[in-house]
Amino acid sequence: MADRSEFLYPHAPYHGEVKPENLVFNANLQEFAQKVSFICNLETNGKIPTHEAYRQIKQLWKELKKTKKQLAIGENPFQGDGEDSTGE
């Protein structure tokens, strides 16, 4: 059963800066990719129409962008590099 779960829901290790917001966004990004893969497979096999697949993926993208904004990912790329806000 564990092999099936890993096959259906693969998880790649995180290689970026370890901060809670980065880890949460990474998990959201992997979930987004998995859902897009499922939607594309359903569309390819004729289970859902193309316009429905597009609509679903567009909605998932909007949700991912919203979580990125809520987590402030990329808002201040120089924060935490030892410099203050003036760059000194």
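Select asparagine 22 to begin: in this predicted model, its relative accessibility is 16%, and because buried means under 20%, asparagine 22 counts as buried. The residue lies in helix α2, and, leaving aside residues up to four places away in sequence, asparagine 22 touches Tyr14, Glu17 and Ile73.

**Tyrosine 14 and the loop before α2**

From asparagine 22, move the selection to one of its contacts, tyrosine 14, which is placed in the loop between α1 (2–8) and α2. With a relative accessible area of 27%, tyrosine 14 is partly exposed, and its own contacts, again not counting residues up to four places away in sequence, are Asn22, Leu23 and Asn26. If you draw a distance from the C-alpha of tyrosine 14 to that of asparagine 26, the viewer should give 7.2 Å, for two residues that are twelve apart in sequence.

**The whole chain**

Now clear the selection and show the chain as a cartoon. You will find three helices and zero strands, in the pattern α-α-α when read along the sequence. Colouring by accessibility puts 16% of the 88 residues in the buried class. Among the contacts in the chain with a separation of 6 or more, 56% come from residues 24 or more positions apart.

**Helix α2 from end to end**

Select residues 20–44, which make up helix α2. Its 25 residues should span 36 Å at 1.5 Å a residue, and the end C-alpha atoms are 36 Å apart, so the expected and modelled spans agree. Show side chains for the buried residues of α2, which are Asn22, Phe25, Asn26, Gln30, Phe32, Gln34, Val36 and Ile39. When looking at such a list it helps to recall that an α-helix has 3.6 residues a turn, so residues three or four places apart point the same way. Just after α2, stop at glycine 46, which takes a positive phi of about 75 degrees.

**The packing of α2 against α3**

Add helix α3, residues 50–71, to the selection. The two helices, α2 and α3, pack at an angle of about 180 degrees, and their axes lie 10 Å apart; because angles over 145 degrees count as such, α2 is roughly antiparallel to α3. To see the contact itself, display on the α2 side Glu21, Val24, Phe25, Asn28, Leu29, Phe32, Lys35, Val36, Ile39, Cys40 and Glu43, and on the α3 side Thr50, Ala53, Gln56, Ile57, Leu60, Trp61, Leu64, Thr67, Lys68 and Leu71. Coloured by class, this contact of α2 with α3 shows 13 nonpolar, four polar and four charged residues.

**The aromatic pair**

Which two residues form an aromatic pair that is tilted? Select phenylalanine 32 and tryptophan 61, whose rings are 5.8 Å apart centre to centre, with 55 degrees between the planes. Phenylalanine 32 lies in helix α2 and tryptophan 61 in helix α3, so the pair ties together parts that are 29 residues apart in sequence. The two partners can also be compared by accessibility: phenylalanine 32 is buried, with a relative accessible area of 16%, whereas tryptophan 61, at 46%, counts as partly exposed.

**Two distances across the chain**

Keep the selection on α2 and pick alanine 33, which is found in that helix and is partly exposed, with a relative accessible area of 44%. From its C-alpha to that of isoleucine 57, a partner 24 residues away along the chain, the separation is 9.8 Å. Then go to valine 24, also placed in helix α2, where a relative accessible area of 40% makes the residue partly exposed. The C-alpha atoms of valine 24 and leucine 71 are 8.4 Å apart in space, although their positions lie 47 residues apart in sequence by the count of separation.

**Alanine 72, after α3**

The last stop is alanine 72, in the segment after α3. Before inspecting its backbone, keep in mind that most residues other than glycine have a negative phi. Alanine 72 is not a glycine, yet its phi is positive, at about 60 degrees. Like the earlier stops that fall between the two cut-offs, alanine 72 is partly exposed, with a relative accessible area of 40%.

Technical notes: Residues are numbered from 1 along each chain as its sequence is written. This is a predicted model: local features need pLDDT of at least 70, side-chain atom pairs count only at pLDDT 80 or more; totals for chains, interfaces and linings use all residues. Side-chain values use heavy atoms; hydrogens and water are left out. Helices (H or I, at least four residues) and strands (E, at least two) are DSSP runs, numbered from the N terminus. The expected span of a helix is 1.5 Å times one less than its number of residues. Buried means under 20% relative accessible area, exposed over 50%, partly exposed in between (1.4 Å probe, protein chains only). Rings of Phe, Tyr and Trp (its six-membered ring) pair if their centres lie within 6.5 Å; planes under 30 degrees apart count as stacked, over 60 as edge-to-face and the rest as tilted. Axes are lines fitted to C-alpha atoms, for helices over the stretch in contact, and angles run from 0 to 180 degrees between N-to-C directions. Angles under 35 degrees count as roughly parallel, over 145 as roughly antiparallel, 65 to 115 as roughly perpendicular and the rest as oblique. Contact means heavy atoms within 4.5 Å. Ala, Val, Leu, Ile, Met, Phe, Trp, Tyr, Cys and Pro count as nonpolar, Asp, Glu, Lys and Arg as charged, and the others, Gly among them, as polar.
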